[in-house]
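Hi,

Here is the structure I promised to pass on. Have a look at it first, and then read my notes underneath.

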Amino acid sequence: MREIRKGARGDIPAVAAVYDRILKEEEAGRSSVGWVRGVYPTESTAREALAAGELFVMTEDGLLTAAARINQTQAPAYSQVPWLWQAPAERVMVLHTLVVDPLCRGRGHGTAFVAFYERYALERRCPYLRMDTNEKNAAARALYARLGYREAGIVACEFNDIPGVGLVCLEKRLEG
């Protein structure tokens with residue numbers, strides 16, 4: 001059974017292991033997410049999200065399968081994006097560092113996590129959703145497009161200490 005809940009201290013090693021498996025896929029050339037081992041994401045990425053009370057994890061039958069940070073913090077690069085919906089900051093929810101364990105790929109975990117994010121945002125009266133991904137991450141871009149997210153722009157920047165990133169900024173407006 002799948003469950004999405006707030007992360008706990010005991011989840012950190014499992015989240016870091018998912019980061020590691022994704023980075024191994026990248027290093028082996030089996031995927032392209034644009035991350036760099038030892039730079040981003042690291043265990044401290046998950047620890048910072050946990051400390052802020054913003055880490056969420058998905059488990060299935062007791063095993064951690066996905067994780068993300070959800071908050072209202074927009075990356076500085078977002079100020080350069082021509083958003084379709086100009087929304088007040090307090091009405092915007094942001095999804096950061098969504099990861100799905102490569103061992104679970106293709107089983108709907110990413111779709112389910114984004115659906116949770118959308119419900120979470122609406123419950124907090126934030127109908128304007130934003131997120132980003134690396135331009136290289138074709139799989140994430142395809143998922144988000146399928147789920148109704150619009151690519152608002154691509155910003156060339158240093159992102160999470162990784163130079164030369166084409167940051168794809170996405171948005172969606174929810175009804176309700």
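Below is what turned up, starting with the sheet and ending with the pocket.

Keep in mind that this is a predicted model. The sheet is an open one of seven strands, and going across it you meet β1-β2-β3-β4-β5-β7-β6, with mixed pairing. The edges belong to β1 (2-6) and β6 (150-159); each has a single partner strand, so one side of each has no neighbour in the sheet. On average, neighbouring strands are turned by 25° against each other, direction ignored.

If you zoom in on β2 (residues 55-60) and β3 (residues 63-71), you'll see them pair in the antiparallel sense over six bridges. Met 58 sits opposite Ala 66 in β3 there.

Two helices are worth a look against these strands. Helix α3 (residues 109-123) packs on the sheet and touches β1, β2, β3, β4, β5 (128-134) and β7 (162-173). The direction of α3 makes about 160° with that of β4. Helix α2 (residues 43-51) lies across β2, β3 and β4 (92-100), and runs at about 110° to β2.

Now, what about the pocket? The largest pocket holds about 1,200 Å³ of space. Its lining comes to 49 residues, with Trp 35, Thr 97, Leu 98, Asn 137 and Tyr 144 lying nearest the centre. Elements giving two or more residues to that lining are α2, β3, β4, α3, β5, α4 (138-146), β6 and β7. By type, the lining splits into 22 nonpolar, 19 polar and eight charged residues.

Cheers

Conventions: Residues numbered from 1 in each chain as written. Predicted model: local features only at pLDDT ≥ 70, side-chain atom pairs only at ≥ 80, totals over all residues. Heavy atoms only, no water. Pairing = 2+ DSSP bridges. Helix = DSSP H or I, 4+ residues; strand = E, 2+ residues; numbered from the N terminus. Axes fitted to C-alpha atoms, helices over the stretch in contact; angles between N-to-C directions. Contact = heavy atoms within 4.5 Å. 1 Å grid on protein atoms, 1.4 Å probe; cavity = no way out; pocket = protein on both sides within 12 Å on 5 of 7 lines; lining within 4 Å. Points joined across faces, edges and corners; volume = space filled by probe spheres on them. Nonpolar A, V, L, I, M, F, W, Y, C, P; charged D, E, K, R; others polar.
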